[in-house]
Amino acid sequence: MQQSLMDEKSLEILEFPVIQKMLSEYASFPVSKSLFLSLKPISDFEVISLLLEQSREARFLLSLDYDFDISGAYDIQQDVKFAAKGKILEPKKLIEILQTLTVARGIHSNLKKISKEVKSIWHVAKGIENLAQIEKDITRCISTKGEVLDQASHNLKTIRLQINETRDVLLKRLESILNSPRGRKIMQDPIIRERHGRYVLPVKVECRREIKGITHDVSNTGASIYVEPMSTVDLGNTLRELQTEEKIEVERILRKLSIAVGEKETVILNNLSLLAELDMILAKARYANNIKAIEPHLINPLKEAYQSNSDIFLKLVNAKHPLLGSKAVPLSVEIGKDFSILVITGPNTGGKTVALKTIGLLSSMTQAGIPIPVSPETQIPVFDNIFADIGDEQSIEKTLSSFSWHMGNIVRIISNSTKRSLVLLDELGTSTDPAEGSALARAILFYFLSTKTLTVATSHFADLKAFAHTTHGIQNASFDFDPITLAPTYHMILGIPGGSNAMATAERLGIPLDIIEKAKSMLSQDSLDLECMLNDIAAEKEKILETRLVMERASSNAQAHNTEVEKLLEKIKSEEQRIIQDARDKVVLAASDLYKQIHQADLDLRKQRSREAINKARRSLDEVSAQLDNQLQKPKTKRLESKKPIAVGDTVYIDKFDLYGKVLSIQEKKQQVEVQTGQLTLKLKMDILEKAQWKINQQPIIQSNVVIPEGRAISSKLDLRGKRADEVEILLDGFLNDAAIANRSEVQIIHGIGTGTVRQIVRDFLSSHPLVKSFESVGKNRNSDGATIVRL
């Protein structure tokens with residue numbers, strides 16, 4: 001933590017130690033509670049900004065309801081240091097170390113999950129090191145109740161097993177003695193006792209000689225003696241030896257664990273320090289939530305842009321003294337823009353001293369990184385020091401009067417303050433002769449004005465009020481009071497000095513009326529006139545405020561009326577737009593229906609034309625086939641040689657297909673013949689073949705008048721990407737017709753992915769086209785569905 005250079009005496013006067021104590025009550029970790037007591041304001045802008053940011057993030061953390069509880073951690077600093085020096089730690093101390101390490105690991109893990117949201121807090125938490133092996137070893141060896149477990153070592157488990165077995169044998173032997181006839185006679189009661197780690201029997205005093213054994217103790221009444229029978233002495237010795245071995249083994253285990261802790265002394269102490277820092281951050285956030293505090297806007301007076309203004313600026317909005325709770329009255333004040341010194345006057349018990357302490361304490365809290373109860377508009381500069389001369393500390397031992405005490409404070413303040421300091425002076429120049437005190441007060445304020453030190457002072461001197469009114473850079477202020485009851489309202493007013501109202505205050509507090517009247521008669525006429533003038537100013541101010549409120553109310557009503565008119569006009573415009581939009585929607589809907597009808601009619605017409613083209617092609621094909629049949633029909637009997645066997649190399653006639661071919665091979669068993677006709681080779685049944693009268697190269701040449709037009713070279717792909725919707729069907733229909741004429745059995749339509757509109761038009765068209773046998777997407781998913789395969 002950075003060392004504070006703030007004036008300790010002033011911090012005590014401002015009651016900063018009370019804030020420290022309050023904050024420590026919100027801490028859940030013992031180490032952080034002690035750290036709060038050493039928390040002090042600092043003057044490093046970067047560090048203060050970081051502390052305030054951590055507090056802001058901590059309030060965010062608390063709003064998430066995350067498990068950031070550090071209360072399970074212990075202050076194990078001393079134990080860790082002892083372990084580092086070779087001391088064997090008790091099991092319960094090791095369990096405290098285990099729980100603390102577990103809490104640290106959990107905090108590190110939880111904050112890592114949201115490290116991006118709480119960067120400044122994570123900057124602290126990320127330094128926590130994981131000591132999982134120590135946690136694991138302690139967990140394995142020691143129970144949560146602080147008992148060393150059997151599983152801590154194989155040797156310990158064996159020893160304890162032997163102890164249990166030996167004890168069982170021993171107790172059974174003692175029970176047999178108790179339950180024997182002789183035992184029942186000489187025993188005081190049938191209960192096995194333990195004395196000095198040995199199991200014994202309660203024998204009647206008069207029967208002592210009737211049993212051999214070792215006497216270990218005598219009862220309080222003297223009626224019984226506790227005897228260990230000789231028959232169990234060896235078992236008792238064995239048991240004690242095993243117990244000693246157990247103790248040695250337990251000590252070895254604890255020493256090993258303590259050494260492991262001591263070796264990590266630096267890491268563990270650093271983890272504790274980081275845990276304490278995190279707990280302090282969370283404690284400040286809990287405190288802030290409780291008093292409804294925030295992190296104010298911080299001003300850096302060292303920046304060049306700010307330094308050029310030469311004056312430090314302080315702005316408090318709805319600031320409340322944090323120690324007054326619900327009784328605190330909000331204070332709003334600005335110092336530093338047009339003036340660097342503020343002189344507050346007004347009645348006693350009116351709130352002047354509380355205002356000074358509020359300004360000083362909230363500034364100190366801010367520079368300690370503590371949220372303060374103000375509104376978000378608040379702006380606080382970083383002071384290099386904060387000085388306060390408030391209250392009265394007379395000292396009989398040091399022969400120190402009130403005036404001397406105040407002057408001693410002011411000497412210290414003048415010697416140590418700079419233009420970046422904040423000075424708070426209560427009842428400046430009092431406790432001495434009024435004339436001299438007033439002059440001294442004006443001279444002191446003039447000094448702080450010359451050094452441009454931000455200063456707030458309270459006073460009752462009339463001369464000081466006039467001095468503030470006539471001196472540039474100094475501003476008057478007063479606390480308001482009720483002009484009828486003369487009771488304080490605790491609200492500050494800038495620009496107007498306040499009357500002391502000493503007579504009214506004394507009367508309100510119970511001073512007899514005759515004394516009040518006597519005092520008034522002793523006042524000079526000038527004093528009475530001044531007091532009356534101040535009261536009249538206050539009354540006039542009240543009237544002005546009332547008039548302002550009336551005007552503001554009228555303005556607010558007019559503004560509300562204008563707002564209603566604007567809302568009505570907006571409603572009319574909205575209704576007009578809605579009607580126009582409805583009409584447009586109806587037109588668009590009608591046009592859409594009409595477009596659909598035209599589209600369907602166009603589609604039907606195209607389908608009809610396609611069917612007519614197909615029928616026409618089929619009729620032409622039939623005519624060509626008939627013509628071929630007429631020209632090729634010849635009497636078959638003239639070209640065949642009936643009932644002659646077929647041999648390889650013969651010319652045969654295939655009646656079924658009206659074709660001639662040459663026999664290439666014959667399979668007698670299957671009655672199958674391999675025949676070549678033109679470029680084709682066919683395997684046919686023998687019974688559909690007949691031997692021809694001529695050879696294949698002697699076939700007559702038949703002339704034909706049929707002419708088959710040569711087809712155009714048609715691409716197998718049609719790219720429709722970038723085409724308008726009204727072009728798609730026309731281009732697609734023409735492409736399908738050309739592909740069919742070119743004897744294409746399969747084509748590809750590229751429509752792209754895009755919005756899917758062209759793809760849908762294409763597939764709707766294909767689903768009803770007479771030339772289309774089937775179609776399917778090229779891609780396997782939607783992202784690759786950019787083309788369609790069409791089979792004709």
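This passage looks at a pair of packed helices and then at a strand with two partners, all in a predicted model.

Take the helices to begin with. Helix α15 covers residues 402–416, and helix α16 covers residues 434–450. Their axes sit 12 Å apart, and the two helices pack at an angle of about 15 degrees. Since angles under 35 degrees count as roughly parallel, that makes α15 roughly parallel to α16. As for handedness, α15 and α16 cross in a left-handed sense.

What fills the contact between them? On the α15 side, the residues are F403, M407, I410, I413 and I414. Facing these from α16 are L440, I444, Y447 and F448. Sorted by character, the contact of α15 with α16 comes out as 9 nonpolar residues, with no polar and no charged ones.

Now for the strand. Strand β23 runs over residues 787–791, and 4 of its 5 residues are buried, so β23 is largely enclosed by the rest of the structure. Two other strands pair up with β23. One of them is β21 (residues 746–750), which is joined to β23 by 5 bridges and runs antiparallel to it. The other is β22 (residues 774–777), also antiparallel to β23, with 4 bridges joining the two.

V790 of β23 turns up in both pairings: its bridge partner in one is V747, while F775 stands opposite V790 in the other.

Conventions. Residues numbered from 1 in each chain as written. Predicted model: local features only at pLDDT ≥ 70, side-chain atom pairs only at ≥ 80, totals over all residues. Heavy atoms only, no water. Axes fitted to C-alpha atoms, helices over the stretch in contact; angles between N-to-C directions. Parallel < 35°, antiparallel > 145°, perpendicular 65-115°, else oblique. Left-handed = near helix turned anticlockwise from the far one by under 90°. Contact = heavy atoms within 4.5 Å. Nonpolar A, V, L, I, M, F, W, Y, C, P; charged D, E, K, R; others polar. Buried < 20%, exposed > 50% of the residue type's maximum accessible area, 1.4 Å probe, protein only. Pairing = 2+ DSSP bridges.
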